[in-house]
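Ready for some practice at reading a protein model? Grab a pencil, work through each exercise, and then check yourself against the solution.

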Amino acid sequence: MSKIANAFENGTAFIGFLTAGDPTIDKTVEYILDMVDAGCDLVEIGIPFSDPMAEGVVIQDANVRALKHNTTTDDVFDIVRRVREKIDIPLVFLTYINPVFFYGYEKFFKKCKELGVDGIISPDLPFEEKGEIADIARKNNVDVISLIAPTSKQRIQKIASDATGFIYVVSSLGVTGMRSEIKTDLNAIISDIREVTDLPLAVGFGINTPEQASKIGKIADGVIVGSAIVKIIEKYGENASDELKQYVSSMKKASNE
């Protein structure tokens, strides 16, 4: 089995996301290690894709920058290989299903197992089509992370009962991006999910301030932050280490207050 459960063993997990290849391959390796050093319990690594439909402008732009550098799926696997020489925390790919399909399902998940990728999140893979990769992923000890959105109420039991690793609870409708306020009734959604599964529940989409992280940390098992981290990398480019560490440290602390 994967190591994903380890991320939730010491209080509320802080899960950080960045886009591989932005600003460079070498800096992605460095920034993942920085984030872990600052308190990340699990890191989501985005595989660049030309049509990231679930992403807001911040992560869309990061995909464009990474693709301009010709970042390939093999480059992303190389990032994992280099990171795995230094750390052992859970790593999860966030990728649209197209790059995985073209890489080849068997080849992709075998490589994940070899290099220590613990899970995959695919925002454009509907639950009903999860079977397309589920068996191959399971055979290679890779969890296919299920997403439950505010519109999923009638399907919560079905999705949650089949989930592995952790459940990604989508806090808001729309695309990813920093939000000043989370208006969804997360307490109700989380309560419904907990009735049917003991898996850890991590909330993402829009969280970017310590205040938001603190509120989410009181009701969920994990706090997921993407756009705010990518925004720091966009602003500081190859000199983002100090800002990243400071931000991740503050968010990890707030998630457990």
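**Exercise 1. Work out how much space the second largest cavity holds, and what surrounds that space.**

Start with the volume: the second largest cavity has about 50 Å³ of space in it. Keep in mind that this is a predicted model, and that it holds two cavities of 30 Å³ or more.

Next, look at the walls. The lining includes Phe17, Thr19, Gly46, Ile47, Pro52 and Glu55, and also Ile59, Asn63, Leu94, Thr95 and Tyr96. Sort that lining by class and you get six nonpolar residues, four polar ones and one charged one.

Finally, ask which elements those residues sit on. Strand E1 (13–19) and helix H2 (57–68) each give at least two residues to the lining.

**Exercise 2. Decide whether Glu44 is buried or exposed, and find its neighbours.**

First, place the residue: Glu44 belongs to strand E2, residues 42–46.

Now check the accessibility. Buried means under 20% relative accessible area. Glu44 has 1%, so it counts as buried.

Then see who is around. Leaving out residues up to four places away in sequence, Glu44 touches Ile15, Gly16, Phe17, Leu18, Val92, Leu94, Ile121, Phe166, Tyr168 and Ile224.

**Exercise 3. Do the buried residues of helix H5 sit on one side of it, or on opposite sides?**

Begin by listing them: Tyr105, Phe108, Phe109, Cys112 and Leu115 are the buried residues of H5 (105–115). They span an arc of only 130° around the axis, so they are on the same side of H5.

Here's the idea behind that: an α-helix has 3.6 residues a turn, so residues three or four places apart point the same way.

What do they pack against? The partners are helices H3 (73–84), H4 (97–103) and H6 (131–139), along with strands E3 (91–94) and E4 (119–121).

One last thing to spot: right after H5 comes Gly116, with a positive phi near 90°.

**Exercise 4. Try the same with helix H8: which residues are buried, and what covers them?**

In H8, the buried residues are Leu186, Ile189, Ile190 and Ile193. Looking down the axis, you find them within an arc of 95°, so they line one face of H8. Their cover includes strands E6 (146–148), E7 (167–170) and E8, plus helices H7 (156–161) and H9 (210–219).

Now step into the loop between H8 (186–194) and E8 (201–204), where Pro200 lies. Its relative accessible area is 16%, so Pro200 is buried. Beyond residues up to four places away in sequence, Pro200 touches Phe8, Gly165, Phe166, Ile167 and Asp221.

**Exercise 5. Find where Ile4 sits, and what it touches.**

Ile4 is in the segment before E1. With 0% relative accessibility, Ile4 is buried.

Compare sequence and space: Ile4 and Val142 are 138 residues apart along the chain, and their C-alpha atoms are 9.6 Å apart.

For contacts, skip residues up to four places away in sequence. Ile4 then touches Leu42, Pro90, Val92, Asp118, Gly119, Asp143, Ile145, Gly165 and Phe166.

**Exercise 6. Which stretch has a pLDDT below 50?**

Take the overall picture first: the average pLDDT is 92, and 94% of the residues score at least 70. The stretch you want is residues 173–183, where the pLDDT is below 50. In the model, that stretch has 36 contacts beyond near neighbours in sequence. Go easy on those, though: where pLDDT is low, the predicted coordinates should not be read in detail.

Note on methods:
Residues are numbered from 1 along each chain as its sequence is written. This is a predicted model: local features need pLDDT of at least 70, side-chain atom pairs count only at pLDDT 80 or more; totals for chains, interfaces and linings use all residues. Side-chain values use heavy atoms; hydrogens and water are left out. On a 1 Å grid over the protein atoms alone, a cavity is a set of points where a 1.4 Å probe fits but cannot get out, and a pocket is an open set with protein on both sides within 12 Å along at least five of seven lines; lining residues have an atom within 4 Å of a point. Grid points are joined across faces, edges and corners, and a volume is the space filled by probe spheres set on the points. Helices (H or I, at least four residues) and strands (E, at least two) are DSSP runs, numbered from the N terminus. Ala, Val, Leu, Ile, Met, Phe, Trp, Tyr, Cys and Pro count as nonpolar, Asp, Glu, Lys and Arg as charged, and the others, Gly among them, as polar. Buried means under 20% relative accessible area, exposed over 50%, partly exposed in between (1.4 Å probe, protein chains only). Contact means heavy atoms within 4.5 Å. The arc is that of the directions from the helix axis to the C-beta atoms. pLDDT is the predictor's confidence in each residue, from 0 to 100.
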